[in-house]
Amino acid sequence: MRRIWMAALALAAFAAPAAAQDDAWNAPRALELIQRAQERRQVALSDTGMVDYQADARGYIYFYLDRRDTGERTLVKTDQVALDVFWKAPNLSKQRIIGLRDQRDLPTNIHYHEDHLTVVQDNFGDLIRLGDGDEVRDVLHPAAPAGPSIYDYRLSDSTSIRLPGSAEPVRVYKLQVRPKDPSRPALVGSVFVDRRGGDIVRMEFTFTRVSYVDEQLDFINVLLENGLYKGRFWLPNRQQVELRRELPELDLPAGGMIRGTMQISNYRFNQGLADALFAGRRVVSVPVAQRESFAFEQGIHEELREVGLSAEGELGDVRREAAELIGRRLLSGLPGTQIAFRTASGTLRYNRAEGLALSAGARYNPSEQVSLGIRGGVALGRMRPFAEAEVSRGALPDRTGLAAYFEQPRDLGGFNVISGAMNSLSALLAGYDFSDPYFVSGAELRADRALGARWSGAFRLRVEDQESAVRETDFSLLGGSGNFRPVAPIAEGTFYGGSAYLRRALPAEVARGVSLGLGVDGGRLDGADADHAWIRPRLDLGWVSRGGAGQELALDASAGGVLGDTPQQARFLVGGRGTVPGYAFRAYGGDRFGLARATYAADLVPNLVRGRVFAAGGWVDDNRSPSPFGPVDLGGRTGELVSVGAGLGLFFDIIRVDVARGLTDGGVWEVIVEANPSFWDFL
């Protein structure tokens, strides 16, 4: 037995250095694998077993707004494409677009480069070009003959991939690839090599920042996957490309994202394709009428209804791994320093407690993972400055940050009832201010985490001074100064507390499903007059079903309560827009509530007019009487609220006009004009 143990230890001691050597950059085994891949790329072109082939390709191209601060995505346009794909030895290729249709969800005049609509047939050849050379031009392929002079290689893993044409999972080696000099054009990512033959089975990568020709490019991520046909030919099977653009000078709340997916199938080999087929341009198209009448096998939104626009999954992993491979350097093609313009109301706003407030800011990204932001301004009505600064690491859904802020406004009520831009417009024009602000100064620790498929968590810890606001102005352009409400006081003091919120999101493009939110916040307020300690749990639940002609049925419900000694700023305020329309704004209040709403909507004139009917109900109760806001008419009532209404969404449902009527005591007619809530986060 002792001899066996000694032999095992000796074997382990021998194997450990060998394993460590294989895991090192440019280890002999890694260089051997990339050399085999280079050789197989050349041999495949001269294999007499495949003279030519024809295949079918079907794909989707999505253009949408990508919001880094919230992780939300708003679909703008969907294109669906069908192609005939041809190849003939030694290396002739042709693609013919036989079907193409689109649907716009928001106004746009975007046009795509030709290669966004077609298939990559040869893993890009030795030089990689994207956007017909306008996006990426002549980046060396890691399996090109000159690759080892430009790239480092490391054997990262041995795994299995199930692919079409193979009865069993294919065993592959994963080779990580990075440039020797990150300051030159190059890709960063992984190459998966067939263990048996050395062919490239899969590639997933992004690029160094200097690779981008277009100065508006933030990044491009690419995934190419091949399938095994006739037991020997590795040919295109599935491809995904996504690219993000943004104005280089401004740190805007949203960037434009293009995501393309392509599936290639139904290969037919050695059909005797004529040389004349490959004459002329590499990509051609049938006449427009024929393209638009093509009988697609799937609906234009079928793929989207299943998978959504989430950044998680394969393409999200590509970027995270590339950031680890290249170290602290910035991968984005955008400048490291930008003027910050995250929200319209964060730059310019108007309300009765601040008057006109102006601010400016900047954001600096020293690396792919770290971001620094600062913003400052002045509220002219108070003649007081305000400021905030933040340092964060990572990007949603996995981000950690620390923020400090001074004299920042925060709203009472517990509900987001109006966009910042619409509130400023309403207050400035007619004296209707639908915020009830107070001011905070302090610091906050922030952590956001992905917690599985569609689940995420947001966690906050904060220490801050909270102080009441007062009405500083009664000016409005249309002379509606009498419409300004008094500003409600709060319990002032130093707050120590935080919040946790778990959320299962339902993307707006998914056909049917449930959203769920579970949260709790609270803490201790060391007040000037009294101390308060409380916790405030909350549940948010939603269900939606979407069908043809823009039909949508949505059910939403929420409930919450306060346990402990409730200060004014922890109360729930209900009534009017954003909660139960058809009642005086925030006339109801308490320490526990329940809300429900049902909405049915459908397109009346596609892209121009959308109709909507709804019913809403609510309940508020309170252990405190009378209202803690004293003489201010805010949250002084309790009881049940019920309302019904109808509305129109205009011009791609961007502007909404609703009319509602409350049906119980205190019910009134109410007209609500607002932007689509999906845009509130940058208004």
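Q: What makes the sheet of 11 strands in this predicted model an open one with edges?
A: In this predicted model, the 11 strands follow the order 6-7-8-9-10-11-13-1-2-3-14, with mixed pairing. Strand 6 (151–161) and strand 14 (283–285) each have a single partner strand, so one side of each is left without a neighbour in the sheet. From one strand to the next, the twist averages 20°.

Q: How do you know that strand 10 and strand 11 are paired?
A: Pairing requires at least two bridges between the strands, and 12 bridges join strand 10 (residues 217–229) to strand 11 (residues 233–245), which run antiparallel. As one example of a bridge, Gly227 has Leu235 of strand 11 as its partner.

Q: What makes strand 1 and strand 11 partners of strand 13?
A: Set against the requirement of at least two bridges, strand 1 (residues 52–66) pairs with strand 13 over 13 bridges in the antiparallel sense, and strand 11 pairs with strand 13 over 8 bridges, also antiparallel. Within strand 13, Ile258 is the bridge partner of Phe63, while Arg259 is the bridge partner of Glu242.

Q: Why is strand 13 described as largely enclosed by the rest of the structure?
A: A residue counts as buried when its relative accessible area is under 20%, and 11 of the 15 residues of strand 13 (residues 255–269) are buried, so this strand is largely enclosed.

Q: Why is the pair of Phe294 and Phe296 called edge-to-face?
A: Ring centres must lie within 6.5 Å for a pair, and planes over 60 degrees apart count as edge-to-face; the rings of Phe294 and Phe296 are 4.9 Å apart centre to centre, with 75° between the planes, so both conditions are satisfied. Phe296 has a relative accessible area of 13% and is therefore buried.

Q: What makes Phe415 and Phe593 an edge-to-face pair, and which parts does the pair tie together?
A: Their centres are 5.0 Å apart and their planes stand at 90°, which meets the cut-offs of 6.5 Å and 60 degrees. Phe415 lies in the loop between strand 20 (398–411) and helix 8 (420–430), whereas Phe593 lies in strand 30 (residues 592–605), so the pair ties together parts that are 178 residues apart in sequence. Phe415 is buried, at 12% relative accessible area, and Phe593 is buried as well, at 1%.

Q: How do you know that the charged end of Arg577 sits over the ring of Phe434?
A: The distance must be within 6 Å of the ring centre, and the charge within 35 degrees of the ring normal; Arg577 is assigned to this arrangement, at 4.9 Å from the centre of the Phe434 ring.

Technical notes. Residues are numbered from 1 along each chain as its sequence is written. This is a predicted model: local features need pLDDT of at least 70, side-chain atom pairs count only at pLDDT 80 or more; totals for chains, interfaces and linings use all residues. Side-chain values use heavy atoms; hydrogens and water are left out. Helices (H or I, at least four residues) and strands (E, at least two) are DSSP runs, numbered from the N terminus. Axes are lines fitted to C-alpha atoms, for helices over the stretch in contact, and angles run from 0 to 180 degrees between N-to-C directions. Rings of Phe, Tyr and Trp (its six-membered ring) pair if their centres lie within 6.5 Å; planes under 30 degrees apart count as stacked, over 60 as edge-to-face and the rest as tilted. Buried means under 20% relative accessible area, exposed over 50%, partly exposed in between (1.4 Å probe, protein chains only).
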